[in-house]
2 protein chains.
Amino acid sequence: MAGTGRPGGVVRPTLAVVGATGAVGTVMLQILSQRKDIWGEIRLVASPRSAGRKLAVRGEEVEVVALTEEAFDGVDIALFDVPDEVAGQWAPVAAARGAVVIDTSCVFRMEDEVPLVVPEVNPHAVRLRPRGIIANPNCTTLSVIVALGALHAEFGLRELVVSACQAASGAGHAGVRTLREQLSLVAGTELGTSPGDVRRAVGDNTGPFPEPVALNVVPWAGTVREDGWSSEEIKVREETRKILGLANLPVAVTCVRVPVVTTHSCTVHARFENEVTVDRAREILATAPGVVLCDNPAAGEFPTPVDAVGTDPTWVGRVRRALDDPTALELFVCGDNLRKGSALNTVQIAELVAAEA
Amino acid sequence: MAGTGRPGGVVRPTLAVVGATGAVGTVMLQILSQRKDIWGEIRLVASPRSAGRKLAVRGEEVEVVALTEEAFDGVDIALFDVPDEVAGQWAPVAAARGAVVIDTSCVFRMEDEVPLVVPEVNPHAVRLRPRGIIANPNCTTLSVIVALGALHAEFGLRELVVSACQAASGAGHAGVRTLREQLSLVAGTELGTSPGDVRRAVGDNTGPFPEPVALNVVPWAGTVREDGWSSEEIKVREETRKILGLANLPVAVTCVRVPVVTTHSCTVHARFENEVTVDRAREILATAPGVVLCDNPAAGEFPTPVDAVGTDPTWVGRVRRALDDPTALELFVCGDNLRKGSALNTVQIAELVAAEA
């Protein structure tokens, strides 16, 4: 590693955050400021129009530099959170200049020579990266995979049905801004009771969403793929299979956008090879790294987005055994889509890579 | 039938609406005013504190009378939408006085001698009612059962996994009021980004919900039942089995409250006895009574609550075949929980009973 010499002789790796001004990039800087500081320089990189802005990280103001080849000089690890086409172009550039790239886009995730890593589930995969690129899963995959990985290790996952309630920030700053603007239009009104009244109030202000999200739920995220499936739904299926090493796992996912700022929530129906018990499932979840079990409905305890937002773990509740199938569990899972769903997982991968040195 | 003589000699049955001032009762009066008028007197009945209020039905102001035994004198059919304990006490009273009771509560639904009726699915069941009581299913069951019934008739339903996004009005007027008050508290703020900020803003103003519903989704509806299941989830399972005549159908349901005023939305994973095709499923849904197929994601067409609210049909979209199971379909279904989910289905049953005469 290039890195930075420090008193005591420990070489601290240089980290670049590419896309530092975005919704996920902003959270990356918060997380880097909160976790154990193992880094030398932290370089902030963004599009040329953001160059020169100053952003706070580790209590210091750092000037953003433009995305160029030279921006990667001396960089050991580069976290990328940029649009797919930018990642596709620039991640190989950074890797060619010697940085290990950890990329949140979907461009490289399913490539054979790129590991797709969740540190709590498949940390070993991080070491085999012939292209110098490690991929970070989709936020919806990440909202369920830590809990599922723990249960899979014990019971053997055999089938998965997921209904995902996706937060507005899954569509970035624009998604949050759109939700807030729409909420201001419908709050204090009697809207939501006749066909299209919310649609008329919102008008063209649907931002990145195909339909109004205030007072609504919208069963669509991503682009149209084969046979009526959305790209987001296909991603969760393919990525879950790759991370768990279950190439033929049956996975059925439906993505629904909900008027929540941040934190995806998933209803999960998971069938296993072996009979499950709720008691054992709760034991596993209560002790799994990165998971918090929050499951006592009689006491009003179950996870919700307004409590999970801004926190690191995957929150799991509503743990039940299917009444008609002793091998199936029902779960309700909440995870902050900007933290574990993206920025946190990326930083965790970077820490794994840094620890190799 | 007692009924009212009219010129031409047709006897028009007398209808009572019990619980006329509630969220569902209000919609019953709208629906009775919109549909073909087959009724003689329409008598409005409510708790003594609402007696004397005047409500509009069929373009006329009608005075609400208090719930007493005499309120059922001369009544042919009584629609009940009242709390469970009131229904349990008064439905048998009305039936004993000769009225056919159609009850929306959960008190009688699973009793052997009470049919549970969805006119598009099991209209024949209406005739066998030894206790003079017909039950109306739960709003969540009703939001999916018309579409499922049509598909079951062709493919043979074998397993069902449902994730229900339930609207605030499922908890009555108080639910809607609570949602609107909470939305006013969070609109125009930056809330929803740190743990508990929405909870603190909302304070004790959670109304009938266990947690804030603004900027949130809450995986709970009903009361605690065995093994972590909620009463609402158990109801959907039991009622679906009874209506479809599939006593052993495996059904796994999770109910999640969402910040929508009215219209429940369900993500459905349905496995059938036989192989399914999306084309045939769409044909069935496009021609099924009470169903509108709205399914062209490439053109931005899928059902959402803000379009389905205030309408009668069950809206179905996102029809896909499971990628790993040729016998399973995925659907996204929206239905107005106050109309087809309660008031409309009740009125439709009443029309079936009236047609017997």
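This briefing covers the interface of chain B and chain A, then three annotated residues of chain A. The model is predicted: local features need pLDDT of at least 70, side-chain atom pairs count only at pLDDT 80 or more, and totals for chains, interfaces and linings use all residues. Residues are numbered from 1 along each chain as its sequence is written, and side-chain values use heavy atoms, without hydrogens and water.

**Interface of chain B and chain A**

- Chain B gives 75 residues to the contact (heavy atoms within 4.5 Å), and chain A gives 75 residues.
- The two chains bury about 5900 Å² between them, 62% of it on carbon and sulfur atoms; buried area is the accessible area (1.4 Å probe) that two parts lose on being put together, summed over both.
- B:Arg180, B:Val306 and B:Leu323 supply 11% of the area that chain B buries against chain A, more than any other three residues.
- The rule finds 12 salt bridges across the interface (a side-chain nitrogen of Lys or Arg within 4 Å of a carboxyl oxygen of Asp or Glu).
- One salt bridge joins B:Asp324 to A:Arg237, with the closest N and O atoms 2.6 Å apart.
- Strand S12 (residues 251–257) of chain B supplies 6 residues, the largest share of the side of chain B that touches chain A; strands are DSSP runs of E, at least two residues, and helices are runs of H or I, at least four, numbered from the N terminus.

**Active-site annotation**

- UniProt, in an unreviewed entry, places "active site" at A:Cys139 and A:His264; such annotations may be inferred rather than shown by experiment.
- They are spread over 126 residues of sequence, yet cluster in space, with a largest C-alpha distance of 8.0 Å.
- A:Cys139 is in helix H3 (residues 139–155) of chain A. A:Cys139 is buried (under 20% relative accessible area, 1.4 Å probe, protein chains only), at 14%.
- A:His264 is in strand S13 (residues 264–272) of chain A and is buried at 1% relative accessibility.
- Leaving aside residues up to four places away in sequence, A:Cys139 touches A:Glu232, A:His264, A:Asn337 and A:Gly341.
- A polar atom of the A:His264 side chain lies 3.0 Å from the backbone nitrogen of A:Ala167.

**Binding-site annotation**

- The unreviewed UniProt entry places "binding site" at A:Arg109.
- A:Arg109 sits in the loop between strand S9 (100–103) and strand S10 (133–135) of chain A.
- A:Arg109 is buried, with a relative accessible area of 5%.
- The side chain of A:Arg109 reaches the backbone oxygen of A:Ser105 at 3.2 Å.
- Beyond four places in sequence, contacts of A:Arg109 include A:Lys235, A:Glu239 and A:Lys242.

Note on methods. Chains are lettered from A and ligands numbered from 1 in the order in which they are written. Buried means under 20% relative accessible area, exposed over 50%, partly exposed in between (1.4 Å probe, protein chains only). A polar contact is a pair of N or O atoms within 3.5 Å; within protein, one must be able to donate a hydrogen and the other to accept it, and residues adjacent in sequence count only if both atoms are side-chain atoms.
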